[in-house]
Amino acid sequence: MQNRLKLRIFGCLLTGFLVNLHLLRFRKMSRPLHRGSSGGGVRILGNSNDFWDDSQMKEKTEKEDVDRNRTNGSHNTYLSIRFPFRFLFLDSLSSKHSLSDNGFVSDPFSPGTLRSRHKLSLALLKFSLIVIVILALTGSFWWTISITSSSRGQIFHGYRRLQKQLVSELYEIGEISQGTSRLRELEYCSQESENYVPCFNVSENLGLGFSEGEEYSRHCGHGLNQHCLVLPPMNYKIPLRWPSGRDVIWFANVNITAQEVLSSGSLTKRMMMLDEDQISFRSGYSTFDVEDYTHQIAEMIGLRNESYFIQAGVRTILDIECGYGSFGARLFPNQLLTMCLANYEASGSQVQLTLERGLPAMIGSFTSKQLPYPSLSFDMIHCARCHVEWDKKDGIFLVEVDRLLRPGGYFVWTDPLTNSQRSLRNKENLKKWNTVRGFAENLCWEMLPQQDETVVWRKTSKKNCYSARKPGSGPSLCSKGHDIESPYYRPLEACIAGTQGRRWIPIEDRKKWPSRANLNSTELAMHGLHSEAFAEDTINWKSAVHNYWSLLSPLIFSDHPKRPGDEDPSPPYNMLRNVLDMNAHFGGFNAALLEAGKSVWVMNVVPTRGLNNLPLILDRGFIGVLHDWCEAFPSYPRTYDLVHAEGLLSLEFGEQPRCHMRDLFTEIDRLLRPEGWVILRDSTALIEFARSQTTILKWDARVVEIEGNSHEKLLICQKPFFKRQAS
């Protein structure tokens, strides 16, 4: 109440100050009109009764008394408006101001009294200003002292929200001010760009002097500069739904030749057959049987078969140069999630074909940079005849494998080099094999019994193993400055990482999948998260997934006939397969999709600009990656069925945008399959502006209100299926 009273007093004084200031300005503007000039114009006195014409001043003398009385009445009104503080000068006004000969009120600010009135008004203004300043400072001081910590948080939150809204609106104005040309529909890229992947231009990298494998690495010096839409190949067809699409893909959908399909390669690469316009993946098409192979690995670990990997603590696997994903496809029914990682390939790409099959994959290289995963990310790393030279560079590639493996995790290597009988006949191969074994031993890896060409090492679960090594026998432990939990394409480090943090937990001591997805309070505290916040996030995403699915229903089946009163049919559980979450937060969207029984896998992306929750996401048994969304994502065109982002626009464009929203949406279009979906949730201002960007991309889009939330909206889009015309 005291604060309100102070504000009212402050408002009254401020009003008086402004009125007096306006009075002085008005007096200067109207003074010539009170000098009785007979210009025939309108005379302004104070209200509608004071608009007098020159003809009215020539009326008969018998009406002069009436006119004087009327003017006296007007005089009172005039003074009340013209001089609101006249109560300070009642005596002087009554004695000095009367009707003049021409029937007008003599000006209270006439030259005779102007100086005194002017001085008095200025004194009043100065006094009012001093009082206002004193009251303002005093009220502000007491208000600052009395404010509580909770109200401070509310004020700061409101300030931040208004600041973000202002920045987003300024960003929108800046984008629009660049001209209508920015809102024109983008042109289509040339046919050579059908499989274009920015940041992975091998020929350009070679021209820049990169060599020794660096030409296959990622080089994103210029950000997102693609200003056209990538069209699918001429004979492109919508992929088959899962699980049929896992075993059969359309030949025209990927960039591969018939010779490449039939040529030799890695073990799992050979498991393909070209049948007219389809490529089939079957174990029976090759002398190599992936089922027997996974069974063999399980036996080497000490398990009955691959279905027991989960019981041994294995859930997520990194498959280096995965062939075409057959190893991960075989393990997927056992609830094992395998991420394929391979170099960029202009033709016959392992990553492109694996993604086309509906399996996780991304472009990456073991050349000179750390992969964009946190330390202690995977339970198993697999390499079947991959082309990584593990014996080179003092074993630094094995050190990177050690960084990515969780304590107690497994490194599986299948290569003719490991066959001791063959190596004895080749001294060079024997030297390489002994070098790799020595590096593994210095990393405190335990070599399990070998079978044929396959070797399995187990990473130590005990930190004291490193201190028990002979001095100088292996890489040292990384210091805190070099033990970055989540590096983003940093140079490879020749030291053992992951030992400084609290996430050093052996895989056998972790909860087994699927319980692993729900972290307990101790595990959440390790990531700086409270169980209440995590539980609330889980509930919110369950509701969001339900609403998303119901929103997609009428859009998908809008052309289907239905009887009045019938509800829209629910989209099939396998409508989507490859999902990209561009701002994954805690991985709640991924968890809610799986709990709802959707047959999807989710690439959980944690933007480098936001909070790094990627370790938490990976500890839940999901897969994900760090990424800067002002750069191109390391994947081929047309690889995701659904792209989802909650709060990404505010994160990237709410404060100090580093790139244009148009470029981000063009990148989304490149990654999205024809007839694929985009779901964005963000502030109202940014969603409305994003809606205008969909016109440039030729998307079908609609904005959806969120019940009970006036600050945010949904933007749901679908990418049309445009085909390239035959030339």
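## Helix α9 and its length

Let us start with a simple check on one helix: at 1.5 Å a residue, the 12 residues of helix α9 (residues 290-301) should span 16 Å, and the end C-alpha atoms of α9 are 17 Å apart, which agrees. Keep in mind as you read that this is a predicted model.

What happens at the two ends of α9? At the N-terminal end, Asp-289 acts as a cap, with a side-chain oxygen 2.8 Å from the backbone nitrogen of Glu-291. After the helix comes Gly-302, and the phi of this glycine is positive, near 105°. Along α9 itself, the buried residues are Val-290, Tyr-293, Thr-294, Gln-296, Ile-297, Ala-298, Met-300 and Ile-301. They pack against one other helix, α10 (326-331), and against the strands β7 (378-384), β8 (405-414) and β10 (454-459).

## The whole chain

Now step back and look at the full picture. The chain contains 22 helices and 17 strands, and 50% of its 727 residues are buried. Its accessible surface comes to about 35600 Å², and carbon and sulfur atoms account for 53% of that.

How far along the sequence do contacts reach? Taking contacts between residues at least 6 apart in sequence, 70% join residues that are at least 24 apart.

## A residue that meets α9

Thr-454 gives a good view of how a strand and a helix come together. This threonine sits in strand β10, and its relative accessible area is 2%, so Thr-454 counts as buried. Several residues of α9 touch Thr-454: its contacts beyond four places in sequence include Tyr-293, Gln-296 and Met-300. Val-412, Trp-413, Thr-414 and Thr-418 also touch Thr-454. With Thr-414 there is a polar contact from side chain to side chain, at 2.9 Å.

## Strand β5 and its partners

Is strand β5 (residues 337-342) enclosed or open? Because 6 of its 6 residues are buried, β5 is largely enclosed by the rest of the structure. In a regular strand, side chains alternate between the two faces of the sheet. You can follow this pattern here: Leu-337, Met-339 and Leu-341 point one way from β5, while Thr-338, Cys-340 and Ala-342 point the other way, and all are buried.

β5 pairs with a strand called β4 (residues 316-320), which runs parallel to β5 and is joined to it by 5 bridges. In this pairing, Asp-319 stands opposite Cys-340. Together, β4, α10 and β5 form a right-handed β-α-β unit. β5 also pairs in the parallel sense with strand β6 (residues 361-363), over 3 bridges, and Ala-342 of β5 stands opposite Ile-363 of β6. To get from β5 to β6, the chain passes through helix α11 (residues 350-356), and this β-α-β crossover is right-handed.

## A helix that is largely enclosed

Helix α18 (residues 588-595) has 6 of its 8 residues buried, so α18 is largely enclosed by the rest of the structure. The buried ones are Gly-588, Phe-589, Asn-590, Ala-591, Ala-592 and Leu-593. α18 is followed by Gly-597, with a positive phi near 80°.

## Unusual backbone spots

Most residues other than glycine have a negative phi, and most peptide bonds are trans. Which residues go against the phi pattern? Cys-199 has a positive phi of about 75° although it is not a glycine. This cysteine lies in the loop between α5 (149-177) and α6 and is buried, with a relative accessible area of 11%. Lys-698 is also not a glycine, yet it has a positive phi of about 65°. Its place is the loop between α22 (684-697) and β16 (700-706), and Lys-698 is buried at a relative accessible area of 15%.

Two cis peptide bonds are worth finding too. Trp-242 and Pro-243 are joined by a cis bond with omega about 5°, and Pro-243 lies in the loop between α6 (202-207) and α7 (244-247). The bond from Trp-513 to Pro-514 is cis as well, with omega near 10°, and Pro-514 is in the loop between α15 and α16.

## Buried or exposed?

Two more residues are useful for practice. Arg-510 belongs to the loop between α15 (464-467) and α16 (521-526), and with a relative accessible area of 8%, Arg-510 is buried. Its contacts beyond four places in sequence are Arg-406, Arg-503, Ile-505, Arg-516 and Asp-619.

Ser-710, in strand β17 (residues 709-718), is exposed, with a relative accessible area of 63%. Ser-710 and Thr-684 are 26 residues apart in sequence, and their C-alpha atoms are 7.7 Å apart in space.

Terms used. Residues numbered from 1 in each chain as written. Heavy atoms only, no water. Helix = DSSP H or I, 4+ residues; strand = E, 2+ residues; numbered from the N terminus. Buried < 20%, exposed > 50% of the residue type's maximum accessible area, 1.4 Å probe, protein only. Contact = heavy atoms within 4.5 Å. Areas by Shrake-Rupley, 256 points an atom, 1.4 Å probe, with all protein chains shown as cover. Expected span 1.5 Å × (residues − 1). Polar contact = N/O pair within 3.5 Å; in protein donor to acceptor, adjacent residues only side chain to side chain. Pairing = 2+ DSSP bridges. Right-handed = clockwise from strand over helix to strand, strands pointing away.
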